[in-house]
Structures are given as C-alpha cells and as structure tokens.
Amino acid sequence: MTIEAARTPLLSHDERLDRLAEVAIRVGLQLRAGQELVMTAPVDALPLVRRITAQAYKAGASLVTTLFSDDEATLSRFRYAPDGSFDKASNWLYDGMATAFRNGAARLAVVGEDPSLLSEQDAQRVARANRARSAAYKPALELIVNFDINWSIVSYATPAWAQAVFPNDPPEVALARLWDAIFAASRVDGTDPVAEWARHNAALDKRTGYLNGKRYAALHFRGPGTDLTVGLADDHWWEGGASTARNGIVCNANIPTEEVFTTPHRLRVDGIVRSTKPLSYQGTLIQDIAVRFEGGAIVESQARTGADVLAKVLATDEGARRLGEVALVPHSSPISNSGILFYNTLFDENAASHIALGQAYTKCIRDGDKLSPPELAEKGANTSLIHIDWMIGSGEIDVDGIAADGQREPLMRGGEWA
C-alpha cells in the first residue's frame, strides 16, 4: 500500500491535524510538565501551530513561544535590501534561542517552505545570508545536534510546496495529495498513532542494536556513479527512531523517520558518489550532485542545477567539505514506496540512504557527552556551521560493512537489508 492509499476516510482533515499535533508533542518531543517550548513555523502553518500549542499546554508546558517565517517577506529581502545587509543575521534572536535551550526549553520546527523560493535570486547573496545565519545560529544548533535538549521536526503542507511536488495537479488537488502523504508518513491515520510510533521505534531500535553489535570500521557504497568508502568514527554509535536526549527525555527528532544513522570519521571518506534525489537547500534546488572525496574531504564537486550554491555551501568552513552523518534507509521504506519526490529533506532523506555534510551528531559517539571538542575530533567527529543531508541511496545501491580487519559482509543489496 502506498502512502497516498493509506488514508483513513473516516477521519476529517481537522481530526488528522489534531492527531499530528498530538504526535508532535507526545512522540516527537515527549514534552515534560514545566518545560518551555520554542517553536518555529511558516505563517501558513498557523492551524497546526495552534493545535500544537494547545497540546503543549495540556502536557504542562510552562510557556510556548512561536517564531514565524514568511516566504514573501524573505523574497522582499532579496529583492529590495541593500547589498551590505546580506552579511547580517539576527544574532540577538539566535542567542535568545540558545539561552532558552540551555535553560531547558524544547525545540520544535514546523517546516513547509517553497523548495524553490530563492532559485531565481542572486546565488552570492543567498550564500552570504546563509553563512551569516549559520554563524549566528551555531550556539543553538550545537545544543540541538548534540541532543542536549529534546527536539523534533514536523511538516505542514503549503500551497507552494504542494505545487512543487504535484505540478500537474490543480492547486487544491495538489494540496490534498500532499496532506495525505504527510499524514500517512507521520503515522496519524491508524487507530492509535502513539502506539504505532512505539512499534515503529522498537523496529528501528532492533536494527541499531544489530549494527552496534557489528562494530563496523567502514561502510562501502557502490552503484551507478558511486564507489564510496565511509570510515566510521572511533567508538561510533548507531541511533534511529526514539533517542534519549542529555536532559533525560526520549524524543523522536524527525516525524517521519525511517533511518538509522551514525557519525563518520571526518578523515576517512574516499571515493565518488552521486545524489539519487534533488536537494532543496534554503530555497534553492540542487540536482544531480556528483562529488569526489579524498582523505575525508570533497576535492571535486558538480551539480546539474544549483552548482554555484553547492560550491558556496562547501566553502562555508573547513568542515563543510566533510561528513557529519551517514544514514541507512531501505529502498522499500513507506516514503520511497509512495513514489513521491517531496523536495523536502525531512521526507526525501527517509526514502533513501544518505550522508550529511558538516556538523556531526556527537551523540553518535559513545560517551560523547563527556568528551571535550578536541577529544571528539580525535575520535573523528566533524565540526561545521552547517549540517546538510543529501540522498545517495536507491534500488541500485549495495552497501557492505567492513570490519576492522578488512573483512567485508553484505549489509544492503539493491537498497534492501541483506
């Protein structure tokens, strides 16, 4: 059954929105009584934001603060703002978010932006704005990627996003189809979404347990345009599904999720790899990425579209050319089986195995919370202002696990667990 066919017709759209809000709070965040919540969302997502806010207060939240973004306002900046302004970011805002997280607040992102919003804007300005934002956001981002706090991401179907996914459908049909796909992938259509998530998390936990028992030194990906060896960080640890944050709260960082992931070694990645799905990054669509790694770093790169933006991303800092994550996803995952290209990393990364440029999840190193930055670097963890996932898996990709003694064994064949 495909994602689109999985809809339960007895539920109204509002009822499904209610369930998605419940999943965000009870599964995604498992928000604790007395905890603050900082939420970001596009203005279109107000109906879901209101429901999430209500669920948060029902769960005992002490305060919910929502920061809204607006595509039209973003475009106005690129059309009319003075050139010098693109090196600026709202440091005061991101400092405030970091302070909130240090004081125990949870983080929820509601996403649904137009994937091609900035595709016609000046690539240099886009890169400068992204770099300034990344630098300002780094203190808050580190608390998120290191799982100091419980955090999660959910989606809201917006008209612009729906038209990008279903360009041949009338707007109202495209929007309804995207909503059906989001609800199904987020597991809100069954009789008990929270229980369904518990079963799914148990299955992912079984897979991570298997990989943690293997202790592979590296993974080898091969297929059309791909022959890539990804060395794994010393004392790496696989995660997937629900994770326990350093504040002791179990959370599902991504709604939906189908992946198991760990930390690569920043110096031990070699070979070539091609993307198998487009990457939508900050309003720019980057298609057909092809890169070559040497000694852990990308030394050659190209893309059919968005190549200039990709080049500027890779120039963000030294760590932007190195990997911070490698993730395995079976080609038969529900999101892959839907046949839908979402142009949204939250969904597309759960349709295919993927890698991420930039900042590593130090949670994926055993006792990583007890190690200093130099000690984490010694284990192989990468540092960067960015963390950008892009998809390299498909039904044509094989993956081998390589042991420390060089012995190899099949891990995935044709995109499926061996």
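Okay, let's start with a sheet: four strands, open, in the order β2-β1-β3-β4, and the pairing is parallel. Which strands stand at the edges? That would be β2, residues 63-69, and β4, residues 151-155. Each of those has a single partner strand, so one side of each is left without a neighbour in the sheet. On average, neighbouring strands here are turned by 15 degrees against each other, if you ignore direction. Before I go on, keep in mind that this is a predicted model.

Let's look inside that sheet. Strand β1 covers residues 36-42 and strand β3 covers residues 106-111; the two run parallel, joined by 4 bridges. If you want a pair to find on screen, go to L37, which stands opposite A106 in β3.

Now add some helices. Helix α2, residues 46-58, lies across β1, β2, β3 and β4, and it runs at about 165 degrees to β2. Helix α1 lies across β1, β3 and β4, at about 155 degrees to β4.

Let's stay with α1 for a moment and pick out one residue, R19. The helix spans residues 13-29, and R19 sits in it. Is R19 buried or exposed? The relative accessibility is 18%, so R19 counts as buried; the cut-off for buried is under 20%. Which residues does R19 touch, leaving aside neighbours within four places in sequence? The list is L11, V188, D189, G190, T191 and P193. And here's another pair to look at: R19 and Q55 are 36 residues apart in sequence, with their C-alpha atoms 10.0 Å apart in space.

Next, a helix pair. Helix α4 is residues 91-102, helix α5 is residues 123-145, and they pack with their axes 9 Å apart at an angle of about 5 degrees. Angles under 35 degrees count as roughly parallel, and α4 and α5 are therefore roughly parallel to each other. Who makes the contact? From α4 we have N91, Y94, M97, A98, F101 and R102, and from α5 we have R133, A136, Y137, P139, A140, L143 and I144. Sort the residues of that contact by type and you get 10 nonpolar, 1 polar and 2 charged.

Okay, second sheet. This open one has 5 strands in the order β7-β10-β16-β17-β18, and the pairing is antiparallel. At the edges stand β7, residues 239-240, and β18, residues 387-391. Again, each has a single partner strand, so one side of each is left without a neighbour in the sheet. The link from β7 to strand β10, residues 260-262, is made by 2 bridges, and these strands run antiparallel. Look for E239 here, which stands opposite F261 in β10. Helix α8, residues 193-214, packs on this sheet, touching β7 and β10, and its direction makes about 40 degrees with that of β10.

On to some more strands. Strand β11, residues 264-274, pairs with strand β14, residues 290-294, in the antiparallel sense over 4 bridges. One bridge to find is I272 with its partner R292 in β14. Then β14 also pairs with strand β15, residues 297-302, again antiparallel, over 5 bridges. There, V291 stands opposite S301 in β15. The hairpin of β14 and β15 has 2 residues between the strands, and G295 takes a positive phi near 60 degrees in it.

While we're at that hairpin, let's zoom in on V299, which is in β15. Its relative accessibility is 42%, so V299 counts as partly exposed. Leaving aside neighbours within four places in sequence, V299 is in contact with R292 and E294. Now try S116: V299 and S116 are 183 residues apart in sequence and 27 Å apart in space, C-alpha to C-alpha.

Last topic: cysteines. How many disulfides are there? The count comes to 0. Take C251: the nearest cysteine sulfur belongs to C364, and that is 12 Å away. To count as a disulfide, the two sulfur atoms have to be within 2.5 Å, so the 12 Å from the sulfur of C364 to the one in C251 is too far for a bond. As for where these cysteines sit, C251 is buried, with a relative accessible area of 0%. C364 counts as buried too, at 1% relative accessibility.

That's my tour, thanks for listening!

Notes
Residues are numbered from 1 along each chain as its sequence is written. This is a predicted model: local features need pLDDT of at least 70, side-chain atom pairs count only at pLDDT 80 or more; totals for chains, interfaces and linings use all residues. Side-chain values use heavy atoms; hydrogens and water are left out. Axes are lines fitted to C-alpha atoms, for helices over the stretch in contact, and angles run from 0 to 180 degrees between N-to-C directions. Angles under 35 degrees count as roughly parallel, over 145 as roughly antiparallel, 65 to 115 as roughly perpendicular and the rest as oblique. Contact means heavy atoms within 4.5 Å. Ala, Val, Leu, Ile, Met, Phe, Trp, Tyr, Cys and Pro count as nonpolar, Asp, Glu, Lys and Arg as charged, and the others, Gly among them, as polar. Two strands pair if DSSP finds at least two bridges between them. Buried means under 20% relative accessible area, exposed over 50%, partly exposed in between (1.4 Å probe, protein chains only).
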